[in-house]
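Q: I am new to this structure and would like a close look at a single part of it. Please keep the account plain and connect the part to the rest of the chain.

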Amino acid sequence: MSPALLEWSAVIASALGVWLMAQRRMLAWPVGLLSVGLYALVFFQARLYSDMLLQGAFAAFLGYGWATWHRQDKPDGRVAIAPLAARTGARHLAVGVAFGLALGAAMHTWTNAALPWLDAMLAALSLVAQWWQARRHTATWWLWIIVDVVYVGMYAVKSLHATAALYLVFVALAVAGLRTWKTAARNPFRLQPKGPDDVQRRQHSTE
């Protein structure tokens, strides 16, 4: 597969996966797994090694999120939103920043990575956002908006123009996801239960 075709395949799969995630659809997870596999190859060719390694971590989080969401789905086939305590969120961000600094130092010292510090920090914060996403926290979209805006510039510098354009789309999708998840958090049970099974599922989703 040519580099251009590979990048565009990754772009399409990623855009579809993020849109499905914003809609809280279970299909987002397998589509996401396809996209990270394709992007691992794209980033290897571009020597963005932190981002390449990030795809492996994303795959693990996607598997975890897929399993977690299956236990929390609602009668309409979507999932309930879970709150994130401010102290917990701050702790997650601190761990992410520390990991980003360590990864950046390693990439700067031992590889020929392009933009090692920025690439590493964005990769680390992306992992935090992915964790929040798997845990169904609305804050994931705030972090994705910030990270994706910076990624647009980085990929433009690396002449990955299709990917830079994709991340502009990601910013818009993250804004839409933020609005959708905030609405869902305020109105978690818009559907009326149709029977005992639905009632049990709703009770389970609030545990």
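How close do the axes of α4 and helix α5 come, and at what angle do they cross?

A: This is a predicted model. In it, the axes of α4 and α5 come within 7 Å of each other and cross at roughly 150°. Angles over 145 degrees count as roughly antiparallel, so α4 is roughly antiparallel to α5. The crossing of these two helices is right-handed. Sorted by class, their contact holds 17 nonpolar residues and six polar ones, with no charged residues.

Helix α4 itself covers residues 86–110, and α5 covers residues 116–134. With 25 residues at 1.5 Å a residue, α4 should span 36 Å, and because its end C-alpha atoms are 36 Å apart, the expected span and the model agree. Several glycines of α4 are buried: Gly 89, Gly 96, Gly 100 and Gly 104. Leu 103 and Met 107 of the helix are buried as well.

The setting of this pair is a chain with eight helices and zero strands. From the N terminus on, then, each element in the order is an α element. Of the 207 residues in the chain, 47% are buried. Among contacts with a separation of 6 or more, 73% join residues that lie 24 or more positions apart.

Another pair can be set beside α4 and α5. Helix α6 (residues 139–157) packs with helix α7 (residues 161–186) at an angle of about 170°, and their axes are 8 Å apart. That angle makes α6 roughly antiparallel to α7. The crossing of α6 and α7 is left-handed, whereas that of α4 and α5 is right-handed. By class, the contact of α6 with α7 has 19 nonpolar residues, four polar and one charged.

Between α5 and α6 there is a loop, and Thr 138 is located in it. The relative accessible area of Thr 138 is 15%. Buried means under 20%, so Thr 138 counts as buried. Apart from its neighbours within four places in sequence, Thr 138 is in contact with Ile 81 and Ala 82, and also with Leu 178, Trp 181 and Lys 182.

To return to the part asked about, α4 and α5 cross at roughly 150° with their axes coming within 7 Å, and their contact includes 17 nonpolar residues.

Conventions:
Residues numbered from 1 in each chain as written. Predicted model: local features only at pLDDT ≥ 70, side-chain atom pairs only at ≥ 80, totals over all residues. Heavy atoms only, no water. Helix = DSSP H or I, 4+ residues; strand = E, 2+ residues; numbered from the N terminus. Expected span 1.5 Å × (residues − 1). Buried < 20%, exposed > 50% of the residue type's maximum accessible area, 1.4 Å probe, protein only. Axes fitted to C-alpha atoms, helices over the stretch in contact; angles between N-to-C directions. Parallel < 35°, antiparallel > 145°, perpendicular 65-115°, else oblique. Left-handed = near helix turned anticlockwise from the far one by under 90°. Nonpolar A, V, L, I, M, F, W, Y, C, P; charged D, E, K, R; others polar. Contact = heavy atoms within 4.5 Å.
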